Amino acid sequence: MTIQLTNIKKAYNQGKPNEFWAIQGVSIDFEPNRVSCLKGASGSGKTTLLSMIGCLTRPTSGRILLGDRVISSLPERFLTEVRRHTFGFIFQRFNLIPGLSVLENIMLPAYPLGLPYTQLIASAKRLLKEFNLSAKADNPVEWLSGGEAQRVAICRALINDPQIVIADEPTANLDSKLSYEFMGLIDELQQSGKTILLTSHDSAVYDSVVVDRVVEMRDGIVLTDAG
Amino acid sequence: MLYFLRKQKYLIDYTLSSLLRRKGKSLGLLAVYSMIVFMLASVTLFSHALRHEAGLMLQASPEIILQRMEAGRHAMIPADYLQRIGQLRGVKQKAGRLWGYYYDPAVKANYTIMTGGQSETPLTNIIIGTGIARARGLDVGDYLTLRSQNGEAFSFQISALLDDKSELVSADLLLMSPQAFRRVFNIPEGLYTDLVLSVRNPREVIKVVEKLTQLLPDTRPILRDEVLRTYDSVFSWRQGILFVLLTGSILAFVIFAWDKASGLSAEERREIGILKAVGWETADVMRMKFWEGMIISLTAFLIGYLAAYAHVFYASASLFEPVLKGWAVLYPQFRLTPFVDGLQLATLFFFSVLPYIVATIIPIWRTSIADPDAVMR
Amino acid sequence: MMLLNPAIMALVMVSAVVCLMMLLASGFAVRVLLRWDIDSGSERQLRLERRTYLISTLLIWAFSFQLMSLLLFIYNAESMSGQFVGAMCATGVLNVNAWGWPTLFLKMGVFFSGAVWIALNYLDNQGYDYPLIRYKYLLLLAILPLVITELILQLLYFTNMDPNVITSCCGTLFSAQSEGVAAEVSGLSPSSMSLGFAFTGVMVISSGVWVALRGQNGWLFALLGSTAFIVALMSIVSFISLYIYEHPHHHCPFCILKSGHDYVGYILYVPLFIATALALSVGAVSPWRGISSLTPTIESIVPRLSWIAVMFFALFYLVATWSVWTSHLTMMEVWW
Ligand SMILES: Nc1ncnc2c1ncn2[C@@H]1O[C@H](COP(=O)(O)OP(=O)(O)OP(=O)(O)O)[C@@H](O)[C@H]1O
Ligand SMILES: [Mg+2]
């Protein structure tokens, strides 16, 4: 699925004295099955852009096409619908829910779909096995190390088999060795046909051979785009 | 449909686990909630049972009581009125009754004195209710002395205690023979306190009453059905007063529920954010919260109601009796017959669950519309 | 004085709460109507869209409470019959003053409009461009006066209850000899009434099946459904109740709810009300099939709702026929 952005703008606190345009006109396309990385200074709008692509918020103006579907003016309920089936998210702070087991955390995104429980468990276990976490399935997530938590977060992102994986500063909480391993996992995901969008400050990420394309942002616009 | 049901099941599972994860908070809410249900349910169960009991008791009483009025006040009725009534169509039985109140300064209480059938009680024997027995520390075989109207003292031997099943009505009851009654209260032969008539067919009561007022213009008939009606409204009225008194606590509960539902910890907020970010919709979160409310309400309702049931029917409503029955020295101890009905349950529901639901709608909505992209920052 | 009766307190409280919720929702709805701009991505529009969740929740609850209060209202009237001279069942209590029956009818009206609103709301939520938002909020604003009137009428009803008034109960109200609508309905000839009953029954069920199969012309089903509803209520008063009571002159629509008649009233009324509400919803939903974002939803829910409605209508007619059939009352001489 191609992602096409046309003249996207996003304002915060619109109409108030502290109005702030975080994205000020971005037009960019992302091809399927490629790894793209957004980089840029803090506050340049990377996260904001990703969250609009990932259907977490709506742009103030402009148009986003996902495949042949316009998602920029969808109501929240339909955005969520699209998001559930299309996107998997990996967050900087892994955002696992403490108190729940690894397995339960992974299955969270699948609950609203109402699939049979056996099917849910089966796909969660398959993912755990793939990421070498089978032994931890029933542990509470508080017991996991940083690298393991990261992999659980990846499993959770993949449970609904999304076509596009979005990772916002995925390596910020990892050491360089784990970051390197993470890029290996990203490579595998790409091999399996996923489109991947990353943001990072970490040169281990944007300079990695795995990344096909680096887009640099500043103050809400695209500065350079090296394909 | 299947998908919908399974989804609800997942939401319920999730809610249960998150309630268990926050045991302290959930238990606190549950305790307060159950307390409210308990208080309301106790009041309703108790007053309904009393009304029920009173109804049963009146069922056995005669259809018509005839009192003579003198200058607008109740006066003794001459026995020849029985003859003057004569043979009325539909009247099965008619008789004169003797009864009255006796103030006992020793325990500062009023006894209700009634006469047994003509031959039942020997002149010097009495039967007393358990309330009197307790107050005076008496038992079968003991003697009780009553002072008569003109200062004489009469001693009576207690031949039996009244069955304590009917203690609600009989606690302060004292039965003696008609002759003894006339002596103690100095009432000449040929006068009764009132007359009672039993009518075979309830439809004929009105006709009988019409004839009575023509025959005996100085009397006032009291109908059993009318007494029942008064009882009905008096009991629901008293219960209503208690409910009004409880409104304060219901309001406090509403505020408490509102506060609990809106004052989420940072951790809970974050959890909702995560759920939304990984693909839960606002409506899903709201539904999850809806189930949470249902689970809490149902549990609290059950706990509160069962506790109230036990309180009223096994512990004789020890907390409420003084309010509903008035303060009395000869306090009855009794077991009420359990009595439950749908209207009662529905009313309870409206006074406890509905306020909870209404109080939580807006806080739940506020939590549920959390920005899904908030967790990315 | 009557206001201190707990069930009455509950009823008044529920109506007041429902009124408040509706007012709140209407306030939001007005704001949404004035500022709505689906094409905008502004924060205000996002906030308004989130408001719609609150409005829906408030209203769904309000209408559920309203339904419960309808039940409680009848139940309470039934239980208060002991407190009024002349009242043997709910009829007598409703007759205590002029406000009883209007309150009951308004409660029923609010129930049906609520059902229609919830159906419209559900439908609108399935369209990605909120196609019906204006209509559904206008409908909400139209329901609001009903709810407020109901609150006032109910209050008048309960505050004007005089225990000393001797009311007339089902025996006189529903008797062919007296005057008024109720008496006229009871005086309707059972033979022509049962013909009308059978006729509307056949019509409503066949139109329901037709709408379910074709997936359109829901308005026809709604129209016939409401006609059938009214005819059914009249028939219950006119002749069905006679068979249930096995008494040639007892026309009461409430006594059938009592245990003495196996609660058969519930098995009659509940399916009838559900079926009518569904038929009305089908009528409210089906005209929008021209709106492209709604077409798929309408195509799937119109048949589904219609089938369920048909089932409940069928259940109602079966139970009604069955209770006439198994009755020991023979009324040949009375009828013909
Ligand atoms: N909810 C909000 N309200 C107001 N301003 C916001 C909000 N969210 C983001 N911003 C502002 O928008 C700008 C872009 O933020 P964004 O998170 O996209 O930057 P970023 O490029 O991801 O930065 P970083 O590299 O630090 O993560 C920032 O200046 C931020 O302060
Ligand atoms: Mg960022």
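These legends describe close-up views of a predicted model.

**View 1. Ligand 1 sits between chains A and B.** There are 15 residues around the ligand. Ser42(A), Lys46(A), Thr47(A), Thr48(A) and Arg377(B) come nearest.

**View 2. Polar atoms of chain A approach oxygen atoms of ligand 1.** A polar side-chain atom of Lys46(A) lies 2.7 Å from a ligand oxygen. Gly43(A) brings a polar backbone atom to 2.9 Å from an oxygen of ligand 1. For Ser44(A), a backbone N or O atom is 3.3 Å from a ligand oxygen.

**View 3. Chain A meets chain B.** Here 32 residues of chain A contact 25 residues of chain B. The two chains bury about 2700 Å² between them. Carbon and sulfur atoms account for 59% of that area. On the chain A side, Asn95(A), Ile97(A) and Tyr111(A) supply 18% of the area buried against chain B. No other three residues of chain A supply more.

**View 4. Salt bridges and polar contacts link chains A and B.** The interface holds 2 salt bridges. One of them joins the side chains of Lys276(B) and Glu76(A), at 3.4 Å from N to O. In addition, 13 residue pairs are in polar contact across the interface, both residues at pLDDT 80 or more.

**View 5. Helices of chain A contribute to the side that touches chain B.** α1 (46-53), α2 (76-86) and α4 (117-130) of chain A each give two or more residues to this side. α2(A) gives the most, with 5 residues. By class, the side of chain A that touches chain B has 17 nonpolar, 8 polar and 7 charged residues.

**View 6. Two domains of chain C pack against each other.** Domain 1 spans 1-167 and domain 2 spans 169-336 in the domain assignment of chain C. Their centres, taken over C-alpha atoms, are 24 Å apart. In all, 31 residues of domain 1 of chain C contact 27 residues of domain 2 of chain C. The area buried between these domains is about 2300 Å², with 81% of it from carbon and sulfur atoms. Within domain 1, Thr91(C), Phe112(C) and Leu123(C) lose the most area to domain 2, together 24% of what that side buries.

**View 7. The domain 1 side of the chain C interface, by element and class.** Between the two domains there are 0 salt bridges and 1 residue pair in polar contact, both at pLDDT 80 or more. α2 (43-79), α3 (90-94) and α4 (100-126) of chain C each supply at least two residues of the domain 1 side. α4(C) gives the most, with 12 residues. That side has 22 nonpolar, 7 polar and 2 charged residues.

Key: Residues numbered from 1 in each chain as written. Chains lettered and ligands numbered in written order. Predicted model: local features only at pLDDT ≥ 70, side-chain atom pairs only at ≥ 80, totals over all residues. Heavy atoms only, no water. Domains from an automatic or database assignment. Contact = heavy atoms within 4.5 Å. Buried area = accessible area lost by both parts, 1.4 Å probe. Salt bridge = Lys/Arg side-chain N within 4 Å of Asp/Glu carboxyl O. Polar contact = N/O pair within 3.5 Å; in protein donor to acceptor, adjacent residues only side chain to side chain. Helix = DSSP H or I, 4+ residues; strand = E, 2+ residues; numbered from the N terminus. Nonpolar A, V, L, I, M, F, W, Y, C, P; charged D, E, K, R; others polar. Near = heavy atom within 4 Å.
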